[in-house]
Amino acid sequence: MNEATYRSITLFRNWDSSSAVRSRPYAYQFTHEDFAQTEPSLWFPATLSSALTHDSVKSLPKKELLLVHAHHLVHFMGYTTALEVVHVNEAVRCIVAGNLSKYFENEERHVALKLYADEAYHALFSKDIADQVAKHFNLMRTKPTRIEGLNFILEQSPPDLKCLTRFCIGFVSETLITRELLKLSTGALVGPVTNLLQDHLYDEGRHAVFFSECFSQLWRQIPKIERDYVAKMLPKILTAFSQPDIPFLRMVFKTRPALGEEVSAFALANQAVRMVEICKPTLRAIERTDLLDDESYFVHFQSAGLVA
Ligand SMILES: [Fe+2]
Ligand SMILES: [Fe+2]
């Protein structure tokens, strides 16, 4: 076993006493006092969505702005639930029992199952928060467009490369999420949301290291034809993770359609800059391999606007 993989296994050594599912109290229930909080930023920080930084949105009446922020929280939590069970844990299944298992040692497959248990718990508490907040504010729900985009990428994947595609989605997701959660938890938030983010972040630091190392290990072993495929897929997946959810924004601003269009256009115009920002941790993990040293692979990333 190489040194890097050993590091990731060490990180999970005390999983039984340190993971959120094994050690944190279930503290995600909203009280009357929590629901009495009317400051919009306490429900979802504007830094996580370019729509919330738009001047016309910031100047909405406070009551309306509160609903916009709460709606973003519900949507993000719904997205997290789907992402964990539909994509991340399916990637883990490919490592443990799918056709990628041959690339990993038994100890790594063992660690992957700890991660699987973590993600199921994250899906559970994210769903719990989303359901309570949606019910309280009487908010409509939509299927997150990002999940649909990832499903589409999977549908296009050749059957024999399905697990490799799933792995690429899991790798991107797990290396991006820590940064997103960190951004989400920088300001003050309503109690149960703070608990959820802290508990989620606590686990995700380990997950990011594990998936980065799995990626390096897989990259070293897969044949050239699969390397070609991975180098083409990663920019597509990173782009899918950076796209603003336009149907969601239209729904949030459905009583102000002109503002909905303005905000959607603003989010789309900011997409390229946001993508470079949010993809940094994944690119750092990719740079630990020789992938970008290959000129034809580099071009895929360059054409997607990910590297200059
Ligand atoms: Fe998670
Ligand atoms: Fe994770």
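**Exercise 1.** In this predicted model, find the ring that the charged end of R206 sits over.

*Solution.* Start at the charged end of R206 and look for the ring beneath: the ring belongs to F12, and its centre is 5.6 Å away. To count as sitting over a ring, CZ of Arg must be within 6 Å of the ring centre and within 35 degrees of the ring normal. Next, follow F12 to its aromatic partners: F12, F167, F210 and F211 form one cluster. Now try R24 in the same way: its charged end sits over the ring of Y202, 4.4 Å from the ring centre.

**Exercise 2.** Classify the pair formed by the rings of F35 and F137, then place both residues in the chain.

*Solution.* A pair of aromatic rings is described by two values, the distance of the centres and the angle of the planes. For F35 and F137, the centres are 6.4 Å apart and the planes stand at 80°, so the pair is edge-to-face. Then locate the partners: F35 belongs to helix α4 (residues 32-35) and F137 to helix α7 (residues 106-137), so this pair links distant parts of the chain, 102 residues apart. Finally, check accessibility: both F35 and F137 are buried.

**Exercise 3.** Decide whether F171 and F215 are stacked or edge-to-face, and say which helices they tie together.

*Solution.* Take the geometry first: the rings of F171 and F215 lie 4.3 Å centre to centre with 5° between the planes, and the pair is stacked. Since F171 lies in helix α9 (residues 162-184) and F215 in helix α10 (residues 191-221), the pair ties together parts 44 residues apart in sequence. Both F171 and F215 are buried.

**Exercise 4.** How many aromatic pairs does a search of the whole structure find?

*Solution.* The search finds 18 aromatic pairs.

Technical notes. Residues are numbered from 1 along each chain as its sequence is written. Chains are lettered from A and ligands numbered from 1 in the order in which they are written. This is a predicted model: local features need pLDDT of at least 70, side-chain atom pairs count only at pLDDT 80 or more; totals for chains, interfaces and linings use all residues. Side-chain values use heavy atoms; hydrogens and water are left out. Rings of Phe, Tyr and Trp (its six-membered ring) pair if their centres lie within 6.5 Å; planes under 30 degrees apart count as stacked, over 60 as edge-to-face and the rest as tilted. Helices (H or I, at least four residues) and strands (E, at least two) are DSSP runs, numbered from the N terminus. Buried means under 20% relative accessible area, exposed over 50%, partly exposed in between (1.4 Å probe, protein chains only).
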